[in-house]
Amino acid sequence: MANAFEIVYAMIMFLAIYVQVFFLLVFFENKQKVSRRIVHVDLPDHQYLSVSFLLPVWNEGTTTRDTIESIFALDYPEEKLHIIAVDDGSTDDSWHIMQQYKNNPRVTLLQKENGGKHTALNFALPHVKTDLVVSFDADTQIMPDALKKAIPHFVHDAQLMALGGTVLIGNPRTYIQKAQEIEYQTFSFTKKMLGFIGGVLVVPGAFSVFRREVFEKIGGYKKAYNLEDAELTMRMHQYGMKIDHCHDAIVKTKGPDTFKRLYKQRLRWSYGFIKNMIDYKKIFLNRKYGNFGLFTLPMSVFTYVLLVFVFMYSLYKVSYGFISYIHKLYLIGFGNFQFGSWDPFFLDAKATTIMSLFIYAAIFAGFLMGRHMSRVTHSNFHNIPYFIIVYGYFAPIWVMKSIYDWIFSQKVTWR
Amino acid sequence: MNWKRYIYTFIITLIIFTFSLWLSNRFNDEKINTLRDIGSQISLDILSAETRFSLLQKTSCEHIIDQASSTIGFNTELQDLAARIKFMENQLGYQNPDVVALKKNYTLLQIKDYLLNKEYHDRCKQDVVSILYFHGLDCKACSDQSIILDKIISDYPEIRVYYFDINTNTPALATLSSVFKVTSTPSLVINDKIHPGFQSVAKVESYIPEIKQWKKDKIKAPVAASTTSTTSKKK
């Protein structure tokens, strides 16, 4: 009865349900930990650890000032906050704008030849004198309470080596940004779930906190196909370092505003992921590396397969429908189409359709929980269609392009 | 490492997977049953029409024509049943035993309806035009031919199209095919004459002399008039 396609389809469905059920189980195991009802108790000031923000700057003069101001505006003991801003060979007025902080004892200004983000970060690392290091993006705004939410995790857990923060899109303006707003909220759920099982995929370069000793033990950043944060995360997993995700330490980034920019960013992400994944392939499905090797990496690879599969399948369906329509026009001309009245009999009742409904429902539930956890209160449900269009129809394109680039090893520019 | 979570997830996934299969089967069974009910209703209607026909042997054709609209009006129901069977075929695959059984039953109903119409046509000299359409699997021109016939039906409600899948394995269909010497698909049989191969709208119209008559006469045959009046109501 069943042909090869149906068997592949059923297997993909099974795995897709597996992933969603896995996340839901993790959620129900840890439900109370993400409840908004948890009362946050501040530590006494002297218990907070000292923190250095690493701020690589490359032609981002104006946003750099806003970023530094947002760090100073943090609700955190003042004497424990430091900023190390590195001008990575900017060709605009970035260095000039940074000079206004030159007399501020809490700001260290560095300048170097342009060499890429990872070189800027490594250039700053030897200047770190604090207990913790925060990796941070110049185009990112940090919520005032983010550090007070994040740092106690390090105080209470001596084993914790790195903590990823929640990155959201602030004030989305374009449709592309609105689509990303939904995406980031949905992923804040999966990130937190991966945090619970010690399987964080990436501690985001935009905002994450490390113990200084991490870099002393395993070295600094690598070029890593322009995806230095993902590589560092994999390396930390390789050394068995504990990584968690902090859902209520929130930063807001702008995100690419046009499709072209989004495409470039995502091509860099998916290409970098594939290449780093190959470099660390011994982690893949290796139980020595716990849930990261057994669940996170296979799940990420599977997500790529799923995206491409769903895309190809719907592309086939849509183009087939389109061609039939044109053919029908050719045969009998316009004005000869009958639209039958709606009859529940003609509803699709295939098993795979019912399974898809379950998967969509689970993703939507994840989106709702992600909103809840990252304290999103404004309504943005009307942006969901943008998300579906951008990620259903365009994400597979950059995924396929990155697979193509990987196979034919083409270079991907950083931005 | 929490192995239990992996195992529990597997079990729950298996349950959801099986549940989806079961639910899908239930829905489809229900639909198949609906189709069986429609089929047996049509079969009952045909039987009743045949019986009345036999009873009215001795009466005049006017009497039958008076009642024609109520007795010989299965065509739309048959067409509706065909659309539903087609849908189920897409959902379950053409090899599904339920679909195969439904198609057999449907084929027989069509042949009976065709014979009844033919008798009505011959005895009462009414313009009831039937098109027998033989189609098959893996026949590219057949999907085109179906589109053409859909157009014909919507333009001329007085024409009846009977769809025969030549792969349907029933002796009655084999006999019907051999009577009209159907050897390939698509083939149309109009007024007892076979036209093999794809036929465009214009060609099909040219095989039906009655169409010219219908176009000329504003006053159509009673059957035609009754059907057109219902379609005009829809508009």
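**Stop 1: two crossing helices**

Select H6(A) and H11(A): they are roughly perpendicular to each other. That label covers angles of 65 to 115 degrees; under 35 counts as roughly parallel, over 145 as roughly antiparallel, and the rest as oblique. Helix H6 of chain A covers residues 175-196, and helix H11 of chain A covers residues 351-373. They pack at an angle of about 90 degrees, with their axes 7 Å apart. Axes are lines fitted to C-alpha atoms, for helices over the stretch in contact, and angles run from 0 to 180 degrees between N-to-C directions.

Which residues of H6(A) make the contact? Show Ile182(A), Gln185(A), Thr186(A), Phe187(A), Ser188(A), Phe189(A), Thr190(A) and Lys192(A). From H11(A), add Ile363(A), Gly366(A), Phe367(A), Met369(A), Gly370(A), Arg371(A) and Met373(A). Contact here means C-beta atoms, placed from the backbone, within 7 Å. Color this group by class: seven residues are nonpolar, six are polar and two are charged. (Ala, Val, Leu, Ile, Met, Phe, Trp, Tyr, Cys and Pro count as nonpolar, Asp, Glu, Lys and Arg as charged, and the others, Gly among them, as polar.)

**Before you go on**

This is a predicted model: local features need pLDDT of at least 70, side-chain atom pairs count only at pLDDT 80 or more, and totals for chains, interfaces and linings use all residues. Residues are numbered from 1 along each chain as its sequence is written, while chains are lettered from A and ligands numbered from 1 in the order in which they are written.

Helices (H or I, at least four residues) and strands (E, at least two) are DSSP runs, numbered from the N terminus. For the complex, the predictor gives an ipTM of 0.87 and a pTM of 0.85.

**Stop 2: the sheet of chain A**

Select the strands of chain A in the order E3-E2-E1-E4-E7-E6-E8-E5. These eight strands form an open sheet with mixed pairing. Two strands pair if DSSP finds at least two bridges between them. At the edges sit strand E3 (107-112) and E5 of chain A, each pairing on one side only. Neighbouring strands are turned by 30 degrees against each other on average, direction ignored.

Now zoom to strand E8 of chain A, residues 242-253. Is E8(A) mostly covered or uncovered? It is mostly covered, with 10 of its 12 residues buried. (Buried means 20 or more other C-beta atoms within 10 Å of a residue's own, exposed 12 or fewer, and partly exposed in between; C-beta atoms are placed from the backbone.)

E8(A) pairs with strand E5 (residues 140-142) of chain A in the antiparallel sense, over three bridges. Pick Ile142(A): it stands opposite Val251(A) in E8(A). Strand E6 (residues 160-169) of chain A pairs with E8(A) in the parallel sense, over nine bridges. Here, pick Ile169(A) and its bridge partner in E8(A), Thr253(A).

Step from E6(A) to strand E7 (residues 207-211) of chain A. Three bridges join the two strands, which run antiparallel. Gly164(A) stands opposite Ser208(A) in E7(A).

**Stop 3: where the chains touch**

Select the contact: 22 residues come from chain A and 28 residues from chain B. On the chain A side, helix H1 (4-29), helix H10 (290-332) and H11 each give two or more residues. H1(A) gives the most, with six residues. By class, this side has 16 nonpolar, three polar and three charged residues.

**Stop 4: chain B**

Chain B has nine helices and four strands. Of its 235 residues, 30% are buried. Select the strands: they form an open sheet in the order E2-E1-E3-E4, with mixed pairing. Strand E2 (159-165) and strand E4 (193-196) of chain B are the edges. The twist averages 20 degrees from one strand to the next.

Strand E1 (residues 129-135) of chain B runs parallel to E2(B), joined by seven bridges. Val129(B) stands opposite Ile159(B) in E2(B). Add helix H4 (residues 97-124) of chain B, which packs on the sheet, touches E1 and E2 of chain B, and makes about 145 degrees with the direction of E2(B). Then add helix H5 (residues 140-155) of chain B, which lies across E1 and E2 of chain B at about 165 degrees to E1(B).

**Last stop: confidence**

Color chain B by pLDDT, the predictor's confidence in each residue, from 0 to 100. The mean is 80, and 82% of the residues in chain B reach 70 or more. Where in chain B is confidence lowest? Go to helix H9 (residues 222-234) of chain B, with a mean of 43. Strand E3 (residues 187-190) of chain B is highest, at 92. Over residues 224-235 of chain B, pLDDT stays under 50. Where pLDDT is low, the predicted coordinates should not be read in detail.

How values were computed
Two residues are in contact if their C-beta atoms, placed from the backbone, lie within 7 Å.
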